[in-house]
Amino acid sequence: MFLFYSQKSSGQLGFCSGNSGDPIFTEDFGTGIANNSLPAGTTTYFYSTGYPGDGFYTVSNGTFGNAFDWHQTQDHTLGDVDGKCLIVNAAASPGEFYRTIVTGLCETTTYEFSAWVLNLVIANSFCSTVPGGTIPINVSFEIWDSTDTNLLASGDTGNIVELSSPNWQEYGLVFQTLMGQNTVILKMINNGLGGCGNDLAIDDIEFKSCGDTVIVSDLANNDTESLCSSQAPFNTTLTATPDFSVYNSHFYQWQSSTDSSTWISIPLANDSTYSFYGS
């Protein structure tokens, strides 16, 4: 195993073009039967214990059926019981409706933010009959530095129209932290007007590291090797080959493990190749 590091700026609405790591931050809004509010400072919207009207939100284990011509559906998180999501009824004017602080990041490192979004309105329902029709949902995602003065990346979903059945859609944004930076601020902004429509749900917000896809192989281009004790001692040279989909240059650190869980850095093993001699 090896770790690598380099610098290359990136910022667009889309997903990591290389290899995403395990999530380092996840917000799935929990589980439970009762609705609940968000922590102070997370939203400028008002909390509702039941149906959220324009400019209100709630965190619920399901949507509200047909009272607002909304889909009756579960949250997006797979495998949870009574899983919750953030439900938002857009305010009369566009503006921020959600923010959270993400810590524990590495400096000058590329990350992928993602979230699942659902248009709650059912197609051909009441809003379709009013002048102008149903207002689509349209959300901007912004990643700011910890001072809230430097925008690192942004993008928007464009108009997401109502459908006859619920359709969770995933959106992503790739960004790079700055030198000395380990904290960012995520903002979600409603770009549309309130009224008949523009009602949405958000779930499964994640931040993952983003790096190149890397192939590790020996001189015969094998990426695995099975040995019997009679073949010891075993010698080989391994080569790490990144695809340069994210980074222009790389730093290498080879590691070893006896249980594929705990990894220890090998001293002075900092090249793209590593020669192994051992039993």
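How far is the sulfur of Cys-106 from the closest cysteine sulfur, and which residue holds that sulfur? I looked this up in the model, which is predicted. The closest cysteine sulfur belongs to Cys-210, and at 14 Å it is too far from the sulfur of Cys-106 for a bond. I noted Cys-106 as partly exposed, with a relative accessible area of 47%.

**Bonded pairs**

I then searched for disulfides, taking sulfur atoms within 2.5 Å as the criterion. The count came to two disulfides.

I found Cys-210 bonded to Cys-16, with the sulfur atoms 2.1 Å apart. I read 85 degrees about the S-S bond for Cys-16 and Cys-210, a right-handed link. Cys-16 sits in the loop between strands E2 and E3 and Cys-210 in strand E13, so this disulfide ties together parts that are 194 residues apart in sequence. I recorded both Cys-16 and Cys-210 as buried.

The other entry is Cys-127 with Cys-196, where the S to S distance is 2.1 Å. I placed Cys-127 in the loop between strands E8 and E9, and Cys-196 in the loop between E12 and E13, so the pair ties together parts that are 69 residues apart in sequence. The torsion about the S-S bond of Cys-127 and Cys-196 is about -90 degrees, so I entered this disulfide as left-handed. Cys-127 is buried, at 6% relative accessible area, whereas Cys-196 is partly exposed, at 21%.

**Pairing and one further cysteine**

I numbered the bonded cysteines of the protein chain in sequence order and obtained the pairing 1-4, 2-3. I also checked Cys-228, which is exposed, with a relative accessible area of 52%.

Notes. Residues are numbered from 1 along each chain as its sequence is written. This is a predicted model: local features need pLDDT of at least 70, side-chain atom pairs count only at pLDDT 80 or more; totals for chains, interfaces and linings use all residues. Side-chain values use heavy atoms; hydrogens and water are left out. Helices (H or I, at least four residues) and strands (E, at least two) are DSSP runs, numbered from the N terminus. Buried means under 20% relative accessible area, exposed over 50%, partly exposed in between (1.4 Å probe, protein chains only).
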